[in-house]
Amino acid sequence: MPGVGGEIETEHLHRYLLARELSAGRDVLDVACGEGYGSNLLAGVARSVVGVDIADSAVDHARVKYVKPNLRYVQGDCARLPLEAESADLVVSFETIEHHDRHEAMLSEFKRVLRPGGALLISSPNRPEYDKTLSESNPYHVKELDFAEFFTLLKQQFKNVSVYAQRVMACSLLVPYEHPESGFTSLSDSTDQSIQGLARPIYFVAVASDGDLPLLGASIYERSQLAELKGEASYLEARLYISERVEGVAQAYGEARGAAQVYALDGKAKIIELTFPDDLAPLIRLRLDIANAPAAISLYRLSLHQVGGDEIWRWDWGGDVFINSGGVLCLPGDSGATLLCLNDDPQFEVAIPPAILALVRGGARLRLELAAKPLLEELPAVLADIRAKARPPLPALASTHLPAGLGGHLEGLAGLLKTQISRKNATISVQQTEIETLRARQQVLYEQMIRAEAQLELLKEFAFSEAGGRLEHL
């Protein structure tokens, strides 16, 4: 979704910007268009764009949010596209193939709707490397592919296939995969051997066609630097994880059975409601990942509500409700608590009595009333408040006098501050270099101007002397 930054934004936008390069003047089909921003981007240059998604809610949202005369959205299954044969010049499908196992049927549909000589641009996680980035398997991925599986699948439908490797570092880099002629070489201090192309790609992006293939070349995408320089995101995501008892066995936390909501990092009070699944089994524990980036969150209220809205539990503002925390520090106050989220994965369990958890039914909601501000912006005021309330008053912050729990987080805070300072210093260094370059250019221009003026004076003197000589001759 637009506004959710980080690696996922960089990965997705890089692909769509490449797709835009191929879309000019063409009829384009965007399969699994989701929220619709990518189709809207392509419609800026394409002759026409159709965004297809299996979710009615996504299509309804896209139709309202993105309106262009050459853009439409339809609900449909990627393995049974609601489109006529030979109706598209370009099919785009990102983050689709791994979410189901009907790969042959999907590619057959892509081939059906493409006109002769049309092209497919498709992405797929590189299973061996993608798995290394996860602490647990992605529950939304049904069937991931490695390079050989992905390439073989495409070759079954298309005569020509080129595969590109993608990985996000400080930016997103996408280069031809295992093509010596690409001119791209990966070097490493951990091995004596160089690698042609991009080492350890997390994703593959392929272009396939029965006609000539467009060349994507090697490209780099750098997202807007504003959020990076400020050390913050524009939006945060709150995510609820649940542990249930299924057939007498306690289940581990997993994304598939939880809920999530995106909210703005703007300091304004807001209400977030995280809904339990309708087929909820007996509930054992709750875990709340209240943010996905460093932030200072003022939590005013936390409560549980049944489907009809009846409140069955409310937090009493005591700090002991947050247990087994990681990357987050709770500072209780008189009317809530301040939660300092110190990294990109702050989390804690909500210690709700088992008798209350037993009452929770499917469709119930965990309701939060909160306001979120950038951590580095709010941290000075938080630390000043700690000093002011300390008894005896603190002359300076020292770990031996800090509230319980804060001393152990000082190292994390120091690391966060150091990272942000390093980013700002790097930015300042780049700006200083640019300033020096401009000054050098200015000096060159100044010297050129002086030389030009001197040459002009010489020309004037020459012209006057020539004119004088002619007068004497006459």
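## Aromatic residues

One aromatic cluster is made up of Tyr 16, Tyr 37 and Phe 94. The model is a predicted one, and a search of the whole structure turns up six aromatic pairs.

In the pair formed by Phe 322 and Phe 348, the ring centres are 4.6 Å apart and the planes meet at 70°, so the arrangement is edge-to-face. Phe 322 belongs to strand β19 (residues 322-326) and Phe 348 to strand β22 (residues 347-350); with these positions 26 residues apart, the pair links distant parts of the chain. Phe 322 and Phe 348 are both buried.

## Arg 287 and two tyrosine rings

Arg 287 is placed over two rings. With respect to Tyr 241, Arg 287 lies over the face at 4.2 Å from the ring centre. With respect to Tyr 253, the charged end of Arg 287 sits over the ring, 5.6 Å from its centre.

## Overall make-up

The protein has 474 residues, of which 42% count as buried. Its secondary structure consists of ten helices and 23 strands. When contacts between residues at least 6 apart in sequence are considered, 69% of them join residues at least 24 apart.

## Nonpolar cores

In soluble globular proteins, nonpolar side chains tend to be buried together. Here the largest nonpolar core holds 42 residues, and the members touching the most others are Tyr 263, Phe 276, Ile 290, Ile 297 and Leu 368. Strand β17 (residues 295-305) supplies the largest share of this core, with five residues. A second core, separate from this one, has 33 residues, including Leu 29, Leu 83, Leu 114 and Phe 150.

The surroundings of Phe 276 can be listed individually. Apart from neighbours within four places in sequence, Phe 276 contacts Leu 240, Ile 242, Leu 283, Leu 286, Leu 304, Val 360, Gly 363, Ala 364, Arg 365 and Leu 366.

## Helix α4

Helix α4 spans residues 103-113, and its buried residues are His 103, Met 106, Leu 107, Glu 109, Phe 110 and Val 113. Viewed down the axis of α4, these residues fall within an arc of 155°, so they line one face of the helix. An α-helix has 3.6 residues a turn, so residues three or four places apart point the same way.

The elements against which the buried residues of α4 pack are three strands and a helix: β1 (27-31), β4 (88-93), β5 (114-125) and α6 (147-155).

## Ser 23 in helix α1

Ser 23 is part of helix α1, which covers residues 7-23. Its relative accessibility is 0%, and it therefore counts as buried. Leaving out residues up to four places away in sequence, Ser 23 touches Val 28, Leu 42, Val 45, Ala 46, Arg 47 and Leu 90.

## Strand β7 and its partners

Strand β7 (residues 172-176) has five of its five residues buried, so the rest of the structure largely encloses it.

β7 is paired with two strands. Strand β6 (residues 160-168) runs antiparallel to β7 and is joined to it by five bridges; among these contacts, Val 168 has Ser 172 of β7 as its bridge partner. Strand β11 (residues 219-221) is also antiparallel to β7, with three bridges between them. On this side, the bridge partner of Leu 174 is Ser 219 in β11.

Key: Residues are numbered from 1 along each chain as its sequence is written. This is a predicted model: local features need pLDDT of at least 70, side-chain atom pairs count only at pLDDT 80 or more; totals for chains, interfaces and linings use all residues. Side-chain values use heavy atoms; hydrogens and water are left out. Buried means under 20% relative accessible area, exposed over 50%, partly exposed in between (1.4 Å probe, protein chains only). Helices (H or I, at least four residues) and strands (E, at least two) are DSSP runs, numbered from the N terminus. The arc is that of the directions from the helix axis to the C-beta atoms. Contact means heavy atoms within 4.5 Å. A nonpolar core is a set of buried Ala, Val, Leu, Ile, Met, Phe, Trp, Tyr and Cys residues joined through side-chain atoms within 4.5 Å. Rings of Phe, Tyr and Trp (its six-membered ring) pair if their centres lie within 6.5 Å; planes under 30 degrees apart count as stacked, over 60 as edge-to-face and the rest as tilted. A charge sits over a ring if NZ of Lys or CZ of Arg is within 6 Å of the ring centre and within 35 degrees of the ring normal. Two strands pair if DSSP finds at least two bridges between them.
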